[in-house]
Amino acid sequence: MSALQNLALEQNRLSGTLPSDLGHGMPSIEKINCAYNQMSGFIPASISNSSRLRGLDLGDNRFTGPIPESLGNLEYLEMLNLQWNDFSSDSAMSFLTSLTNCRKLRVLSFAENPLDGVFPASVGNFSAMQIFEGQGCKLKGVIPEEIGNLTGMTRMSPQNNELAGHIPKTVQDMLILQELYLYGNKIEGTIPNVICNLKSLGALDLSGNHFSGSVPPCLGNVTSLRNLYLAYNRLNSRLPTSLGSLKDLMEFNVSSNLLSGHIPLEIENLKAATLIDLSNNNFSGKISNTLGGLDKLIKLSLAHNILNGPIPDSFGKMLALEVLDLSFNNLSGEIPKSLEALINLKYLTSHSINSVERFPLEVLLQIPHVNLSCSMMLFVAILSFMCHHVSSNLLRGQRGKKQSRLCQAGLSLVKGHERISYYELEQATEGFSKSNLLGSGSFSMVYKGMLKDGTLFAAKVFNVQLEGAFKSFDTEREMLRNLRHRNLTKVITSCSYLDFRALVLEYMPDGTLEKWLYSYNLFLDMLQRIYIMIDVASAMDYLHSGYSTPVVHCDLKPSYVLLDQEMVGHVSDFGIAKLLGAGDAFVQTRTIATIGYITPEYGQDGIVSTSCDVYSFGILMMETFTRMRPSDEMFTGDLSIRQWVSDSFPSGIHKVVDANLVQPGDEKPNTKMQCMLSIVELALSCTVVIPDARINMEDALSALKKIKLQIQINSRAFELDLEYVLVALNDDLVLELELDLDLFFVLELELDFFFVLELELDFFFVLELELDFLNLNLKLETYGGICSRKRERYVLVQQDDPRMKKTILGCERMSTHPCPNIGEITLMARLSAWPT
């Protein structure tokens, strides 16, 4: 090892920690690359003994602890990458100061680490620095004046932090700076004209700050600019005409500001532009016909302004156009037939256009690839205008007011929550920080965030660059906005704007079932696992038979079962779900779900039916109680998790169940194993090869409840919840009695009451409760009597020995809760610790 110069271990699945004596025994080492692994632990201070080290790359791992100041002793260090870890620092960012001793250091990245320190003035001492990346680190303070000393800097990226103050004028001394990214901070004041002295600047991103004043006209002199982003600030006045001199500008975004006046005609000179976003401002007047000359434009958004007049016919010449958003203006006239030539157009919105009687809707249908949902939204807008002319007038009357950029079609799906903008999502998730990453899927990544009202949420952000992502977003949004069940993930709202798609979901603080199964510091006992399986089965039963049209989830697995603070299971991720049409038993699809959970008929022929979910549920049960993934490396050839479990049933079941569930010292281990046999038998019934031979979810749910009752009785943990509501007001009351007794039935009983019914009267009940656990029969007799005119809640409580077959339940008053009127009265009984 003494002669080793280059150690390259990047992009593997390596775990564990770095050797505590790293640096000893490798005197010749010059490069160490362990990036893109799963390594953890600290950087040992002994690494400074590798005195010849020129490059150290530990990015994209799980390292923790402070960044050692001993790195500053590596005098030949040229590149240091520590990004996307969980490193910490003191508030003074001392490690940065120590690194200034590395006089050859050219590339430094400590991005996306929770450093939470003050940006130090010592950064001005990096004499050779060319690339500096410190985004997403919770950096505080101001950009120091000393930054002007970094005359060799080409790229600087301290975005998505908490930097405040102003941009120092010394930035003009960074003469060869090519990229400056400051977005997502709290920098204020005007954009200084000295930035215009940076004649090599190719990318400038000041979005998401508190800049005010006008856009500096001198930016038109920085002809090297390729990307200019000034969105989400407080810039006002007019857009300077000088920007038309930026003939090589490719992306230009000044959305969500306070800009006003006409859109400068000089914008037509941006011939190289592929993206122009002027949305969410107060631009007025007509759209110039000369914009049609921007034939390289892929995305154009003029939404949420006060523009009027017709849509220019010349837009049909922008043949590269994929996204055109003209929504929420005062445009009039018809959609030009010339748009039929836009063969690449995928997204077209033009809500709030007047003179809708002249809309040739067939034009939209003739555009080959236009998003159908957008066409439908336009059609809805037309109908809305015709039916709600007054509302349209009100909307037009508000055009002069500043409007925040709301995501197009970001409709609130849960009452009480407003639409949410991209910027609000970005802020709430701290710039979609890795520290807030909850998980990832085939098409998306899920981040934890917090709304302005303090509500925690999960933002599911779709990677629209992947084929099928748009469809996955549309499918899941439409599914979840219509489905309502306590064991389904709830949608708060959604965000859809240009090339961004996200769902804002109810936050589940206890994570996924997968996390609880495979984390060594977490554990679920048998009863908890049963409860979660019942939650999942309840959700699936609702999807299959409780909704107006049967829904097939298609991809049920532990990572899609989320747990709330009460450990209640919620089924999530409906991105590839399918609706079965009226009378259809199955549909066919080319979308493939997760291998190991899908049925043979799904995997081979693409046939999807409710029995596919039953099969996946059976595999889910096996995994939950064996703690073995169906994708485990032991399952090769003809051996699958189902075959493995089936071969062990019934005599060898103890060999496959999670050993943590049945310990040698447990009370009644035989009883537990008997329950496990019932669970495994049910799982096998769900996963038979022939679809018609599988049980349905309703029967699976019923069987799980019986197993739960068996466990509860044997563990003395049985609780009986009795809840019913009076639904009729006549002399012979009919009581529809739906019992959450875990006894699996609904009763209808006719009851007589011996008092005169008066709506304001509360009354007293005595119930005779007769339970026969062998036959699961229930008998109720009631005796009514006027109790009080006070509106008070009454809770039935146990009075006699529960070991008796017949138990009398009395009434105890709880004055802290008001009692509903007769006809809506709810009575509850709870009995605990039933004997075996």
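## A tour beginning at Pro650

Select Pro650, which sits in the loop between α11 and α12; helices (H or I runs in DSSP, at least four residues) and strands (E runs, at least two) are numbered from the N terminus. A cis peptide bond, with omega of about 0 degrees, joins Phe649 to Pro650.

Before moving on, keep in mind that this is a predicted model, in which local features need pLDDT of at least 70 and side-chain atom pairs count only at pLDDT 80 or more, while totals for chains, interfaces and linings use all residues. Residues are numbered from 1 along each chain as its sequence is written, and side-chain values use heavy atoms, with hydrogens and water left out.

**The whole chain**

Zoom out to the full chain, where there are 13 helices and 44 strands. Of its 836 residues, 53% are buried, a word that here means under 20% relative accessible area, whereas exposed means over 50% and partly exposed is in between (1.4 Å probe, protein chains only). If one takes the contacts (heavy atoms within 4.5 Å) between residues at least 6 apart in sequence, 59% of them join residues at least 24 apart.

Next, colour by pLDDT, the predictor's confidence in each residue on a scale from 0 to 100. The chain has a mean pLDDT of 75, and 73% of its residues reach 70 or more. Residues 351–417 stay under 50 in pLDDT, and the model has 156 contacts beyond four places in sequence for them. Residues 716–836 also have pLDDT below 50, with 250 contacts in the model beyond near neighbours in sequence. Where pLDDT is low, the predicted coordinates should not be read in detail.

**Thr626 and what surrounds it**

Now select Thr626 in helix α10, which spans residues 610–626. Thr626 has a relative accessible area of 10%, so it counts as buried. Its side chain reaches the backbone oxygen of Met622 at 2.6 Å and the backbone nitrogen of Met628 at 3.3 Å. Outside its neighbours within four places in sequence, the residues that Thr626 contacts are Ile641, Trp644, Val645, Val656, Val657 and Asp658.

**Salt bridges**

Asp658 leads to the next stop, where its side chain meets that of Arg529 in a salt bridge at 2.9 Å, N to O. Asp658 lies in the loop between α11 (641–648) and α12 (669–686) and Arg529 in helix α8 (residues 526–546), so this pair ties together parts 129 residues apart in sequence. Both Asp658 and Arg529 are buried. A salt bridge is taken here as a side-chain nitrogen of Lys or Arg within 4 Å of a carboxyl oxygen of Asp or Glu, and by this rule there are twelve.

Move to Arg54 and Glu78, whose side chains form another salt bridge at 4.0 Å, N to O. The two are 24 residues apart, with Arg54 in the loop between β3 (40–41) and β4 (55–57) and Glu78 in the loop between β5 (62–66) and β6 (79–81). Arg54 is partly exposed, at a relative accessible area of 29%.

Then show Glu162 and Lys140, a salt bridge in which the closest N and O atoms are 3.7 Å apart. Glu162 is in the loop between β10 (155–157) and β11 (179–181), and Lys140 is in the loop between β9 (131–133) and β10, so the pair ties together parts 22 residues apart in sequence. Glu162 is partly exposed, with a relative accessible area of 30%, and for Lys140, also partly exposed, the value is 30%.

**Two residues with positive phi**

Select Gln11, in the loop between β1 (6–8) and β2 (31–33); although not a glycine, Gln11 has a positive phi of about 55 degrees. Its relative accessibility is 60%, so Gln11 counts as exposed. Tyr36, in the loop between β2 and β3, is not a glycine either and has a positive phi of about 55 degrees, and it is partly exposed at 45% relative accessible area.

Technical notes. Polar contact = N/O pair within 3.5 Å; in protein donor to acceptor, adjacent residues only side chain to side chain.
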